[in-house]
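Visitor: I have a structure open and would like to learn how to read its charged pairs and its strands. Could you take me through them?

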Amino acid sequence: MTDSIQKVRTRFAPSPTGDLHPGSARTALFNWLFARHHGGEYLLRIEDTDRKRSTPEALDTILNGLSWLGIEHDGSIISQFKQADRHREIAQKLLDEGKAYYCYSSPEDLQKMRDLAKIKGHPISYDNHWRNRDSSEAPHGQKPTVRLKSQQKGITTLVDLVQGHVEIKNAQLDDMILLRSDGTPTYMLAVVVDDHDMNITHVIRGDDHLTNTFRQLQIYKALGWKTPQFAHIPLIHGPDGTKFSKRHGSTSVGGYANMGIMPKAMTNYLLRLGWSHGDDEIISTNQAIEWFNINSIGKSPARFDIVKLLSLNSHYIREASSIELVQAIKPILEKKHKKSLSEKDIDTLIKGMTGLKDRAKTLLDLAENAWFYVAPLPLWYDEKAQKFLQKESIESLKIFILYLSENNILWSHDSLLAAARIFVEKNNIKMRYFSQTLRAALTGSTVSPSIFEVMEVLGKELSLQRFNLENIPA
RNA sequence: GUCCCUAUCGUCUAGCGGCCUAGGAUAUCGCCCUUUCACGGCGAAGACACGGGUUCGACUCCCGUUGGGGAUACCA
């Protein structure tokens, strides 16, 4: 069979009319993974035939989203709009062969037909008025659309790679419009022609296209073209099971990036939403390419669960290198606190990451938690921290610092910890309390990584600066 | 209205007729670890929507019901 030796070619075909929706991102991911898995090609086509709704900004957003996710397309981006002449040529061919016809019904007529069909319980709305009528009967001034003369009898069967056998009676399908009255092609015509011309072998797309596929199959048939294989993946729903909309949180990939989600976490999450590989949860991109198959795509829709995304995100934060993380939080910090970070700051942050990584769910958290390391003095002390900085405890701080210098304690986590243990024992203070005092003085907060690690990261000089009483409003 | 798809713990899912007293992840709760908060470790609770078949045997196959989603545009 030639099928088996044909190179896999998939495509992602977004319309540039809005953000990159997580569902679309997943569709792109699946197409990409499938192509990579088979050593094939993954193409990007922009469905911009709707000139009114397509915008360059939306295109930018989509492209940015895809590259953030690391989904790189092969070849150059194809604009569907630019293929319009080709689409018209095909429509003309169908016209010439008597497989399509001019329809002079006005939008108002059509609306009436739809209303009527609904009342009568008819499956299709267009009444085929112009199917067998000559253009000479056309009303003056009405520009015609071109409609496909669809099969009216029999059934059309689709063997979908995800949904399995699906059948529909041809009587359910109406004569769809191929060319609008202004001569522009509709989506139905355009997809078929483009997928054919691009030699697409596998069309992986959202479930919402499943019934459309039967219409498209009619066009393939009329043209005598070989059809690609179809895989209709279920849609992603909102947390409450209804359509995933803005009230559920961000519906754009960019929104999650801004929230401090790492691209690896996002792709891992999206991958596991509807696809599985046994009990595996943490899946790297390479592993995904190796394992990905259409067979393991689930048939039912999944709900978008931000909590699980967050847990995956904290995993990838923990796994990331300190340098990578600091690079990621640097712009966040600089923007929020309007301070440009020095090389020394960056250095401190990198050292501090070890203890910070485990404590963040997002890069935003991470940045926030890291801020105290590089914040200008005097520090800002939160309410809880201030409670630990009363007269008595400050006194014990002073004594501790003296103790450290008298005993020439090495400024490292381990020896500072050991020293503190001896110190609290000697002075009959609770370690619980004392460590919080240290923390409050050093970080301005009651929550931080191990305070002795903080001291080590800060270094002796910076730590002592922070212990300086003038810097602590008691 | 008509047509199509779908249905396992709260959520994501494993399961492709006996391995299931249904497994994992996440969330929740408890215990441990502990200088705070996390991380981590251990444990608990938690699901086959319902009703009919088919079968020696159904979570798994078939048919209904119900719930959810989609399509029905001169949008894509």
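Guide: Gladly; let's begin with a pair in a helix. The side chains of Glu334 and Lys330 meet in a salt bridge, 3.6 Å from N to O. A salt bridge here is a side-chain nitrogen of Lys or Arg within 4 Å of a carboxyl oxygen of Asp or Glu. Before we go on, note that this is a predicted model, where local features need pLDDT of at least 70 and side-chain atom pairs count only at pLDDT 80 or more, while totals for chains, interfaces and linings use all residues. Residues are numbered from 1 along each chain as its sequence is written, chains are lettered from A and ligands numbered from 1 in the order in which they are written, and side-chain values use heavy atoms, with hydrogens and water left out.

Visitor: Where do Glu334 and Lys330 lie?

Guide: Both are in helix α12 (residues 322-337), 4 residues apart, about one turn of the helix. Helices are DSSP runs of H or I with at least four residues, strands are runs of E with at least two, and numbering starts from the N terminus.

Visitor: Are Glu334 and Lys330 buried or exposed?

Guide: Buried means under 20% relative accessible area, exposed over 50%, and partly exposed in between, using a 1.4 Å probe and protein chains only. Glu334 is partly exposed at 22%, and Lys330 is partly exposed at 29%.

Visitor: How many salt bridges are there by this rule?

Guide: Side chains of opposite charge can pair when their charged atoms come close. The count here is 22. Among them, Asp85 pairs with Arg88 at 2.9 Å between the closest N and O atoms. These two are 3 residues apart in helix α4 (residues 84-96), so about one helical turn separates them. Asp85 is exposed at 56%, whereas Arg88 is partly exposed at 32%. There is also a network of salt bridges linking Arg11, Arg45, Glu47, Asp194 and Asp195.

Visitor: What does the sheet with β4, β5 and β8 look like?

Guide: Strands of a sheet pair through backbone hydrogen bonds, either parallel or antiparallel. In this model, 3 strands form an open sheet in the order β4-β5-β8, with antiparallel pairing. Its edge strands, each pairing on one side only, are β4 (100-103) and β8 (177-179). Two strands pair if DSSP finds at least two bridges between them; β4 and β5 (residues 145-148) are joined by 4.

Visitor: Which residue in β5 is the bridge partner of Tyr102?

Guide: That is Val146.
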